[in-house]
Amino acid sequence: MIDRGVERTIQVMSNHGLRITGQRRTLARLFAEASGFLSAKEVYQSLEMKHHGLSFDTVYRNLRLLQELGVLEQFNFEDGMKFRLGCDGHKHHHHHLICMSCDHIYPLDYCPLEHLTNLPAHFQVVKHQFEIYGYCEECQQPDNKPLQDIVSV
């Protein structure tokens, strides 16, 4: 599974004429091995250990590029923007349910925007984000609740 993620990422980069550098290979492996979301800072810190002299700007440009190519998906959390490998098998436009405890993602196979009926007619939508944050069934169990959710008054 990890090697498949690495190869898929490298193949997309190669198909778009990007040079496959050691830094980009490391970036591909980092995301393929990640069990959750990674911030740009976490990616930078991980890559900089192996590729000394690497700039944060270079890392961020590559993250944005991979996101534009559909390899990475970008999510906005309370503590900032994070990235992860795109949903395997979901090449079309889609959204997600995201567990705030275990980071599990459940892809939605439709776009909720299509069901909004009261948008102003004069407004042209050109871009949108729609993610739903909550807790999966397993994380809703009393033993798995985050501490802030079970503190009593």
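A residue is called buried when its relative accessible area is under 20%, exposed when the value is over 50%, and partly exposed in between (1.4 Å probe, protein chains only). With that in hand, 33% of the 153 residues of the chain count as buried. This is a predicted model, in which local features need pLDDT of at least 70, side-chain atom pairs count only at pLDDT 80 or more, and totals for chains, interfaces and linings use all residues. Residues are numbered from 1 along each chain as its sequence is written, and side-chain values use heavy atoms, with hydrogens and water left out.

**View 1. The whole chain has 5 helices and 6 strands.** Helices (H or I, at least four residues) and strands (E, at least two) are DSSP runs, numbered from the N terminus. If you walk along the sequence, you meet them in the pattern α-α-β-α-α-β-β-β-β-β-α. Contact means heavy atoms within 4.5 Å. Take the contacts in the chain with a separation of 6 or more: 47% of them are between residues 24 or more positions apart.

**View 2. Helix α2 packs against helix α4.** Look for residues 22–33, which form α2, and residues 56–68, which form α4. The two helices meet at an angle of about 60 degrees, and their axes are 12 Å apart. Here axes are lines fitted to C-alpha atoms, for helices over the stretch in contact, and angles run from 0 to 180 degrees between N-to-C directions. The crossing of α2 past α4 is right-handed. A crossing has that name if the near helix is turned clockwise from the far one by less than a right angle, and is left-handed if anticlockwise. On the α2 side you will find Q23, R24, L27 and F31, which meet T58, N62, L63, L65 and L66 of α4. Sorted by class, this contact has 5 nonpolar, 3 polar and 1 charged residues. In this sorting, Ala, Val, Leu, Ile, Met, Phe, Trp, Tyr, Cys and Pro are nonpolar, Asp, Glu, Lys and Arg are charged, and the others, Gly among them, are polar.

**View 3. A40 sits in helix α3.** Is A40 buried or exposed? A40 counts as buried, because its relative accessibility is 10%. Setting aside residues up to four places away in sequence, A40 touches F56, V59, Y60, L63 and M81. Now find K82: it is 42 residues from A40 along the chain, yet their C-alpha atoms are separated by 6.8 Å.

**View 4. S55 lies in the loop between α3 (40–50) and α4.** At 31% relative accessibility, S55 counts as partly exposed. S55 and Y44 are 11 residues apart in sequence, and the distance between their C-alpha atoms is 7.8 Å.

**View 5. The side chains of E73 and H96 are joined by a polar contact of 3.3 Å.** A polar contact is a pair of N or O atoms within 3.5 Å; within protein, one must be able to donate a hydrogen and the other to accept it, and residues adjacent in sequence count only if both atoms are side-chain atoms. E73 belongs to strand β2 (residues 72–77), while H96 belongs to strand β4 (residues 95–99). E73 is buried, with a relative accessible area of 13%, and H96 is buried too, at 2%. Beyond its neighbours within four places in sequence, E73 is in contact with residues including K82, F83, R84 and H94. With residues up to four places away left out, H96 touches F75, I105, Y106 and F130, among others.

**View 6. Cysteines appear here, but the structure holds 0 disulfides.** A disulfide is a pair of cysteine sulfur atoms within 2.5 Å. For C99, the nearest cysteine sulfur is that of C102, 3.6 Å away. C99 is buried, with a relative accessibility of 1%. For C139, the nearest cysteine sulfur belongs to C136, and it is 3.6 Å away. C139 is buried as well, with a relative accessible area of 6%.

**View 7. D103 has a positive phi of about 70 degrees although it is not a glycine.** Most residues other than glycine have a negative phi. Look for D103 in the loop between β4 and β5 (105–108). Its relative accessible area is 28%, so D103 is partly exposed.

**View 8. P112 is found in the loop between β5 and β6 (131–134).** P112 is buried, with a relative accessible area of 14%. Not counting residues up to four places away in sequence, P112 touches H95 and F130. The C-alpha atoms of P112 and Q129 are separated by 10.0 Å, and the two residues are 17 apart along the chain.
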